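Trainee: I would like a close look at one part of this structure. Please take one helix pairing, then work outward from there.

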Amino acid sequence: MDRVLRIGLLFSLVTPLAWAAGSEHMDPVAPTLIALIVILASAKIGSELFERLNQPAVLGELLAGVVLGNLVLIHSSWNFFEPLRLASGAPDWAIVVDQLSRIGVVILLFEVGLESTVQGMLKVGGSSFLVAVVGIIAPFGLGYAVSWLMIRELPAGLVPIVPPGFSLQYVHLFIGAVLSATSVGITARVLKDLGKMQRKESQIILGAAVIDDVLGLLILAVMAGVIAAAESGQPPEVLAIVKLAAAALVFLVGSLVLGATVVPRIMTRLARLRTSGVMLISSLLLAFGLSYIAAIIGLAPIVGAFAAGLILEEAHFRGFRDEITVEKLLRPIATMLVPIFFVVMGIGVRLETFSNTGVLGLAAGLTIAAILGKQVCGFGVIERGLDRLSVGVGMIPRGEVGLIFAGIGRALKVIDDGTFSAIVMMVMLTTVCTPPVLKYTLARWDRKHG
């Protein structure tokens, strides 16, 4: 542990020197390489520390970004990652890193989709569906209420400050949408580590989390469209919102139909090719293609990436020469690109905003709302004799999904630095508290009914 910390300190000290070593004769790619070296190394150091503490690695990557983005508080000259916080006018290296992080989140949602199947979603049963619906409505309402209570006026110096041109309603709605998310990845890992994957409660939690992802992406698509309309000066009408929601639903259903009819035929033909890497490239082409189509029709690209993962099933790759699954082929790419996204998200957190009691209060309020909102999920369990408390706890972590929503909100300029920092704090707290609490509630139920 001490050795890892020493390496991390060495990086923090060496980075300013490496950055300052640049000159006008340096190859343009050099600053990008330096940034990637520091980001990836810091991500691995952070994930190693948190895994040793039996916490999700994503928290270590996020915290590594927080450290890198706030080194300027230690010394004013250590501001080399500040360009990643700029909305415009950023240097080329920052634009490249930002784009890589966006591709990373597309890969991440593609992976999440690959871990789910349409058949699996259809088999989750009534309890999973009700848990998911309640897990969307309750946190959304509580998040909206917290935002409405704590972001009421805009006097000078108030943090967070709503960006010019936006109504407070858009801020409240988007914060509600952020709280509706659930991290299926983190919950699945906790249940797997505990050896509880086969329990009925676990199946309900995982099924509900997958449905939660789909419903959450639909909400995100609608919110992004509403905010985009507001940014163009056109107040969204109810009919326009309904059309956007319908477009998102049609896109997902159309993607599934495409996956059941066209994709198998295409894969059968591609499997005849003799060149190497066809399985991976064809999968990425589908993911990037659907992400691009989603962006064209006004949806978030991650909606298309998730749909692509949901479409592809193991049966589609039986004729390929590759002897491993597409998930394993994709893993090296995800290992590089996904941590960039989380580190960049962490860099966007300004620790100085927490000196404002308004931001701390907002973070506390959102965390309480996030926890209580998912506890209501237990009431959606139809079957008797099940641990409803553990079902609610299992739905608490926002993890990478909450960060994705927050990142999109910042890109849309509907939330400012203070609000973003408060949301990230909520994501970290809900993600950290879930593993030990879920372990305790499951053990408590077993002792009581064993």
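Mentor: Start with helix H11, residues 278-296, and helix H13, residues 326-347, in this predicted model. The two pack at an angle of about 75°. Their axes are 10 Å apart. Angles from 65 to 115 degrees count as roughly perpendicular. H11 and H13 are therefore roughly perpendicular to each other.

Which residues make the contact? On the H11 side they are Met279, Leu280, Ser283 and Leu284. On the H13 side they are Val326, Leu329, Leu330 and Ile333. Sorted by class, seven of the residues in this contact are nonpolar and one is polar. Charged residues are absent from the contact of H11 with H13. The spacing along each helix fits a general rule. An α-helix has 3.6 residues a turn, so residues three or four places apart point the same way.

Stay on H11 for a moment. Leucine 286 also lies in this helix. Is leucine 286 buried or exposed? Its relative accessibility is 16%, so leucine 286 counts as buried; the cut-off for buried is under 20%. Leaving aside neighbours within four places in sequence, leucine 286 is in contact with Ala308, Ile311 and Leu312. Alanine 307 is 21 residues from leucine 286 in sequence. The C-alpha atoms of leucine 286 and alanine 307 are 9.6 Å apart.

Now follow H13. How does its length check out? At 1.5 Å a residue, its 22 residues should span 32 Å. The end C-alpha atoms of H13 are 31 Å apart, which agrees. H13 also has a bend of about 45°, located at alanine 334.

Isoleucine 347 belongs to H13 too. It is the last residue in the range 326-347. Isoleucine 347 has a relative accessible area of 0%, so it is buried. What does isoleucine 347 touch? Not counting residues up to four places away in sequence, the list is Gly65, Val66, Leu68, Gly69, Phe81, Leu84 and Arg85. Take glycine 69 from that list. Isoleucine 347 and glycine 69 are 278 residues apart along the chain. Their C-alpha atoms are separated by 4.1 Å.

That long-range link can be set beside figures for the whole protein. Among contacts in the protein with a separation of 6 or more, 82% join residues 24 or more positions apart. The protein has 450 residues, and 51% of them count as buried. Its secondary structure comes to 17 helices and zero strands.

Two other long-range pairs are worth a look. Leucine 372 sits in helix H14, residues 357-375. With a relative accessible area of 49%, leucine 372 is partly exposed. Leucine 372 and alanine 138 are 234 residues apart along the chain, and their C-alpha atoms are separated by 8.5 Å.

The other pair is valine 226 and tyrosine 170. Valine 226 lies in helix H9, residues 200-231. At 7% relative accessibility, valine 226 counts as buried. Valine 226 and tyrosine 170 are 56 residues apart in sequence and 8.1 Å apart in space, C-alpha to C-alpha.

Tyrosine 170 leads to helix H7, residues 168-179. How many of the twelve residues of H7 are buried? Nine are, and H7 is mostly covered. The buried set is Tyr170, Val171, His172, Phe174, Ile175, Gly176, Ala177, Val178 and Leu179. The length check works here as well. At 1.5 Å a residue, the twelve residues of H7 should span 16 Å. The end C-alpha atoms of H7 are 17 Å apart, which agrees.

Key. Residues are numbered from 1 along each chain as its sequence is written. This is a predicted model: local features need pLDDT of at least 70, side-chain atom pairs count only at pLDDT 80 or more; totals for chains, interfaces and linings use all residues. Side-chain values use heavy atoms; hydrogens and water are left out. Axes are lines fitted to C-alpha atoms, for helices over the stretch in contact, and angles run from 0 to 180 degrees between N-to-C directions. Helices (H or I, at least four residues) and strands (E, at least two) are DSSP runs, numbered from the N terminus. Angles under 35 degrees count as roughly parallel, over 145 as roughly antiparallel, 65 to 115 as roughly perpendicular and the rest as oblique. Contact means heavy atoms within 4.5 Å. Ala, Val, Leu, Ile, Met, Phe, Trp, Tyr, Cys and Pro count as nonpolar, Asp, Glu, Lys and Arg as charged, and the others, Gly among them, as polar. The expected span of a helix is 1.5 Å times one less than its number of residues. The bend at a residue is the angle between axes fitted to the seven residues ending there and the seven starting there. Buried means under 20% relative accessible area, exposed over 50%, partly exposed in between (1.4 Å probe, protein chains only).
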